[in-house]
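User: Could you take a close look at one part of this model for me, the open sheet in chain B and what packs on it? A word on how the chains touch would be handy too.

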Amino acid sequence: MMFNVMLTGVGGEGVLTVGAIIAQAAHDQGFFVRGLQLHGLAQRGGTIPTFVRFGKEKDIHSPGITQADADLILAFEPLEAARATYFAHRKKTAFIINDWPHIPVYANLLDLPYPEISDIVKRVKPFAKEVMVFNAHKFALEKFGVPILGNIMMLGYALGTKALPLKEESVIAAIDKLVHHKPAENLAAFKIGLEMGTGRR
Amino acid sequence: MEKPGKTVVLLGNEAIARGAIEAGVRVVAAYPGTPSSEVPITLSRMAGKCGFYFEYSSNEKVAFETAAGAAWSGVRALTAMKHFGLNVASDSVSPVAYVGVEGGFVIVVADDPGGWSSAQSEQDTRYYARMMKLPMIEPCSPQECLDLTKLAFDISEEFGIPVFLRTTTKVSHSIGTVKLGKVKKPKSKGRFVKDLSKYYNIRPDLQKLHMQVDAKLEKIEKKYGMKLSKAFGGNGNIGIIASGVSFEYAQEIHRMLGISPPTAKLMLTYPLPKNFLRRFIKGKKAVLVLEELEPVVENEVRMLAKEANSKLKIYGKDILPSYGEFNVETLMPAFEKVFRKKSGIDFAAHRKKADISVRGLPPRKPVMCSGCPHRSTFYAVKKVFGKDTVFAGDIGCYVLGIYEPFNMQDFIISMGASLGIAHGISRVSEQEIVAFVGDSTFFHAAMPALANLRYNDDRTPLVVVMDNSVTAMTGHQPNPGTGITGMGGKAPPIKIEDVAKAMGAEVRIANSFSQKQLEDALKGLKCMKGLRVLISRGECRLVTKKKLEGKGMEFTKYEIDQSKCVKCGICTDKFACPAITELRNKANKQPMYVMNQEMCWGCSVCMQICPYGAIKPKRKEVE
């Protein structure tokens with residue numbers, strides 16, 4: 001068994017944390033874990049992809065994911081979902097896209113309009129087994145007044161839909177271990193996502 | 001502190017830090033530089049608990065010397081830096097290599113092929129090991145980061161020589177399952193023992209020391225060459241020689257191609273294990289050498305093959321790039337060629353399809369954060385000096401000024417280089433010049449250049465110090481202007497204005513968040529002669545944000561009054577704050593400017609630059 005997750009979004013908006021939770025939960029379930037967290041310049045509002053791979057130690061070596069080899073792409077921002085197609089394949093990749101656009105300043109500066117979500121889905125579809133669009137940040141804003149909690153909600157959603165084959169209790173334990181800011185809200189957001197994901201299934 | 005025997009998930013850099021703690025490190029000194037930054041970040045958090053000393057030194061040379069002094073006093077010491085940091089430290093590295101050390105001394109150097117966090121070059125540190133005559137060890141995974149850091153301390157102490165632990169971005173920033181070992185308690189005290197027979201590095205003894213270091217390297221190769229190399233048996237007469245993360249990619253490719261060629265994994269990359277390699281290449285038809293950047297191992301294998309196997313076909317940089325990073329995709333064609341196997345994957349076709357899928361989408365380059373003091377400073381400087389002024393760039397978050405719409409880093413060379421290069425231009429050109437430098441960079445390398453400007457330049461460029469009082473880009477580490485030490489203690493901060501005044505500069509200080517103060521100061525300095533320094537002082541907004549959140553408070557948010565907005569586009573086209581977005585009405589194509597409330601970090605500068613008074617604070621709340 002080998003599972004490749006790509007997380008992508010905008011630097012500085014919590015993508016690394018969700019990646020760390022997945023890695024911790026996979027580790028606690030006895031999987032060997034490898035992955036990449038790119039720190040540096042991109043953390044200042046650039047595109048920031050993170051990779052987590054888990055499975056048997058003998059199968060996993062490269063820290064990154066090879067082209068077309070992602071099982072799950074968690075896109076915390078629609079535009080970044082389109083940019084992740086390189087790692088996706090129509091036979092294996094599930095996309096979960098958070099429909100919460102973060103319009104880059106370059107849309108205006110270079111006069112390249114930000115696309116509609118339908119356009120993003122159209123671009124992603126040929127590379128996906130399944131595309132799920134979920135406005136996590138909007139739900140988080142309505143429920144908690146804090147859109148960023150949508151990140152954890154996305155994680156719950158991925159679990160609920162079974163797009164991420166990890167156990168609920170191990171993810172909850174990982175959140176408990178790694179999230180120190182507003183832990184109760186994070187857990188509540190996770191559970192809402194989980195329920196919505198399960199409902200979709 | 002996690003228990004020995006336990007497995008955890010660690011970042012490569014965190015694993016190096018854990019390795020140092022397990023080895024009983026007593027002194028750690030570093031200047032932050034990504035991709036090495038998390039080594040000191042982790043150690044600075046652990047120092048108090050684990051009983052070792054930690055400091056953020058003012059630059060890599062000072063950090064290296066601090067650690068060397070401790071190692072000379074008999075305790076274990078570590079310094080960590082990025083590849084360019086070693087350029088700064090190198091002046092002291094070579095003599096210390098000759099003299100040797102008492103306590104174990106590990107120099108962690110992280111290279112950055114691909115330039116993920118280094119704008120300037122892709123230099124290969126492995127050449128330094130050869131030039132400085134210091135052994136170099138290279139891990140390929142977080143587990144090895146831990147294990148080999150510990151071993152590096154042992155080797156250093158056993159042979160009395162500093163040891164390089166070299167990583168690359170994809171080792172430092174990769175995560176992996178790591179099994180922890182036992183923590184050794186650091187020695188509490190050290191003592192420097194005077195011994196001219198050891199420290200006398202003046203001729204004729206200099207040659208003696210040179211011979212000594214050569215002998216040490218030979219012994220290390222003999223004792224550790226085999227131990228730090230691993231031959232994986234396999235079928236066939238074509239072999240793989242790999243080190244670092246390239247070894248990980250090779251294994252991944254072996255699985256994908258269903259091959260198991262004999263593979264030599266090198267962990268000691270200087271001195272190379274000659275006996276091991278001779279044995280490995282003997283009888284082989286061909287080898288493929290996998291190493292990112294320069295053909296360092298390849299060239300030495302070529303020399304060995306002359307005697308050991310002159311018919312050996314050596315593949316390396318003839319079929320692989322010496323620039324950028326490796327990954328499975330870049331290596332696969334070389335494997336396909338050498339092993340005459342097809343992966344059946346058309347990487348190029350998929351890439352083309354993926355490229356088409358993103359066509360026409362706006363890029364997302366890194367940007368200065370909402371409320372960044374640098375954006376405000378750049379805006380004011382451009383207003384007063386115009387776009388044709390030469391803008392000398394430097395290293396820090398303000399490198400982001402290179403992008404649109406500012407384009408105000410005409411070149412980016414190295415720490416503190418803005419002043420030196422600006423000086424050179426000013427000697428021969430009539431152009432107006434502004435040299436930007438940050439506070440941490442000022443203490444790191446700009447002070448000698450400032451002294452030089454004052455002494456040797458009568459028509460000096462204007463120096464703008466972008467003072468956000470912290471080393472922001474690498475993760476908000478303290479510097480001598482911050483007032484906090486690497487272990488969290490307090491220290492009186494050094495004021496940059498005091499330093500500049502002492503050197504004879506005309507100094508103005510402006511609040512980065514006040515366009516009026518900035519403009520007034522800039523206009524005043526523009527008509528003066530001699531050494532002029534503007535200190536634009538404003539706290540990094542990420543620091544302010546954290547402070548406010550800690551108090552349960554929020555920034556004052558700003559909003560755009562649509563009735564007053566004339567859609568001039570200054571706030572987006574010229575100021576480019578990521579919190580302000582231009583939306584187009586689909587029906588009549590009319591633009592509308594909106595403030596993203598979540599992203600507004602309340603700096604108020606957009607309000608100051610709006611000529612129509614259309615931007616206003618939303619609520620009256622005290623920051």
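Analyst: Here's a walk through the sheet, followed by the contact between the chains and a helix pair.

First, the ground rules: this is a predicted model, where local features need pLDDT of at least 70 and side-chain atom pairs count only at pLDDT 80 or more, while totals for chains, interfaces and linings use all residues. Residues are numbered from 1 along each chain as its sequence is written, and chains are lettered from A and ligands numbered from 1 in the order in which they are written.

The sheet is open and has five strands in chain B, ordered β15-β16-β17-β19-β18 with parallel pairing. Its edges are β15 (390-392) and β18 (506-511) of chain B, each pairing on one side only. From one strand to the next, the twist averages 20°. Helices (H or I, at least four residues) and strands (E, at least two) are DSSP runs numbered from the N terminus, and two strands pair if DSSP finds at least two bridges between them. Angles run from 0 to 180 degrees between N-to-C directions, with axes fitted as lines to C-alpha atoms, for helices over the stretch in contact.

Zooming in, β16 (433-438) and β17 (462-467) of chain B run parallel and are joined by five bridges; B:A435 has B:V463 in β17(B) as its bridge partner. Helix α16 (417-428) of chain B packs on the sheet, touching β15, β16 and β17 of chain B, and its direction makes about 170° with that of β16(B). Helix α17 (439-456) of chain B also packs there, touching β16 and β17 of chain B, at about 130° to β16(B). Contact here means C-beta atoms, placed from the backbone, within 7 Å.

On to the chains: the contact takes 50 residues from chain B and 48 residues from chain A. On the chain B side, α10(B) gives the largest share, six residues. That side divides into 23 nonpolar, 14 polar and 13 charged residues (nonpolar: Ala, Val, Leu, Ile, Met, Phe, Trp, Tyr, Cys and Pro; charged: Asp, Glu, Lys and Arg; polar: the others, Gly among them). Strand β2 (32-37) of chain A runs antiparallel to β8(B), with three bridges between them; A:G35 has B:I175 as its bridge partner in β8(B).

Last, the helix pair: α1 (12-22) and α2 (38-50) of chain B pack at about 35°, with their axes 8 Å apart. Their contact includes B:I16 and B:A20 of α1(B) and B:L43 and B:M46 of α2(B). By class, that contact has eight nonpolar, two polar and two charged residues.

Definitions and conventions. Two residues are in contact if their C-beta atoms, placed from the backbone, lie within 7 Å.
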